[in-house]
Amino acid sequence: MKFNQVPLVTRGVSDCGRCKARENSLFSDCTEEDFRLIQAPIEDFRFTPGAVIYKQGDKANGLYSIRSGMVKLNRLNADGTQRILRILRTGDIIGLEASLSRHYENDAIAINTVTACRIPIEVIECLDRESPRLRRKLMMKWHETVLEADQWFGELTNGLARVRMARLLLKMRNSEESDVSSLFSLEDIGSVLGMTIETASRIINTLLREGKIRRINGGDRHYQIDIAALEQESQSSAL
């Protein structure tokens, strides 16, 4: 598995009615009548690892529906440090705040190769007025986001350091290759799990020696994991 070193973004135009990923998207419940209301173009994007989808404070120009890949949401703190709030995957919506706010509230960065479609604000506003199906779907996505944030905080900030690392590795699995996990920098791992860089590095090296994870192509971010071993690890000494 090889990853581009220079983040790139490519774009095109979506055909929502024929999209194979539609069943997992914001438009899954929409009818052909709803699609006829759409006037502004919905664009397809492909982001390579590390590409910035949008930055905190940028003017909100739409919502992004993830068709494949993983995206991390970062929040810039008052002291200049950054913290990863959560990870979003296939079927999730990035930038939900754009339906209510004029600016994005965090950074959205591709972890691996991400494909997503951008739904302009005017499309959301039109369908919100005219289609109860989209309004209900938006509320469902907001609810899922709240639940995911609570779960993310609860699982990754409680328990012993090894337990939290095991849970992170399991959460960061590739949707297409369940035994492949992609992490971020040691600084980010320390921020997410509430541990020092040294502790994070030591635990990763220990898991490597124990054979519970294995580096892919010699990299330090992508691992083949022993799912059963990590699941057992994630449930031990949880308090």
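The following paragraphs lead through this structure, from the chain as a whole to its sheets, its helices and a few single residues.

The model is a predicted one, and its chain folds into 7 helices and 12 strands. Of the 239 residues in the chain, 47% are buried. If one takes the contacts between residues at least 6 apart in sequence, 71% of them join residues that are at least 24 apart. The chain exposes about 12,500 Å², and carbon and sulfur atoms supply 48% of that area.

A good place to begin is the open sheet of 4 strands, whose order is β3-β8-β5-β6 and whose pairing is antiparallel. The edge strands of this sheet are β3, residues 52-54, and β6, residues 82-88, each of which pairs on one side only. Neighbouring strands here are turned against each other by 30° on average, when direction is ignored.

Within this sheet, strand β5, which covers residues 71-76, pairs in the antiparallel sense with strand β8, residues 107-110, over 4 bridges; in this pairing N74 stands opposite D107 of β8. Strand β5 is also joined to β6 by 6 bridges, and these two strands run antiparallel, with L76 standing opposite Q82 of β6. The strands β5 and β6 form a hairpin with 5 residues between them, and in its turn G80 has a positive phi of about 90°.

Helix α5 lies across β5 and β6 and runs at about 85° to β6. Because 6 of the 8 residues of α5 are buried, this helix is largely enclosed by the rest of the structure. The buried residues of α5 are D188, I189, G190, S191, V192 and L193, and the helix is followed by G194, whose phi is positive, near 70°.

One residue of this helix deserves a longer look. I189 lies in α5, which spans residues 186-193, and with a relative accessible area of 1% this residue counts as buried. What is I189 in contact with, leaving aside its neighbours within four places in sequence? Its contacts are M165, L168, L183, F184, A200 and I204. I189 can also be set beside R83, for the two residues are 106 residues apart in sequence while their C-alpha atoms are 9.5 Å apart in space.

From here the reader can turn to another open sheet, one of 3 strands in the order β10-β12-β11, again with antiparallel pairing. Its edge strands are β10, residues 180-182, and β11, each pairing on one side only. In this sheet, neighbouring strands are turned by 35° against each other on average, direction ignored. The antiparallel strands β10 and β12 are joined by 3 bridges, and the bridge partner of S182 is H222 in β12. Helix α6, made of residues 197-209, packs on this sheet and touches β11 and β12, and its direction makes about 100° with that of β11.

Helix α7, residues 227-235, shows how a helix can have a buried side and an exposed face. Which residues of α7 are buried? They are A229, L230, E233 and S234, and they cover an arc of only 135° around the axis, which puts them on the same side of α7. The face turned away from this buried side carries the exposed residues A228, Q232 and Q235. The buried residues of α7 pack against α4 (161-171), β11 (213-215) and β12 (222-225), and two of these partners, β11 and β12, belong to the sheet of 3 strands described above. At the start of α7, a side-chain oxygen of D226 reaches to within 3.3 Å of the backbone nitrogen of A228.

The last stop is E43, a residue in strand β2, which covers residues 43-47. Is E43 buried or exposed? Its relative accessible area is 17%, and because buried means under 20%, E43 is placed among the buried residues. The side chain of E43 makes a polar contact with the side chain of R118, at 2.6 Å.

Conventions. Residues are numbered from 1 along each chain as its sequence is written. This is a predicted model: local features need pLDDT of at least 70, side-chain atom pairs count only at pLDDT 80 or more; totals for chains, interfaces and linings use all residues. Side-chain values use heavy atoms; hydrogens and water are left out. Buried means under 20% relative accessible area, exposed over 50%, partly exposed in between (1.4 Å probe, protein chains only). The arc is that of the directions from the helix axis to the C-beta atoms. Contact means heavy atoms within 4.5 Å. A polar contact is a pair of N or O atoms within 3.5 Å; within protein, one must be able to donate a hydrogen and the other to accept it, and residues adjacent in sequence count only if both atoms are side-chain atoms. Two strands pair if DSSP finds at least two bridges between them. Axes are lines fitted to C-alpha atoms, for helices over the stretch in contact, and angles run from 0 to 180 degrees between N-to-C directions. Accessible areas come from the Shrake-Rupley method with a 1.4 Å probe; for residues, only the protein chains shown count as cover.
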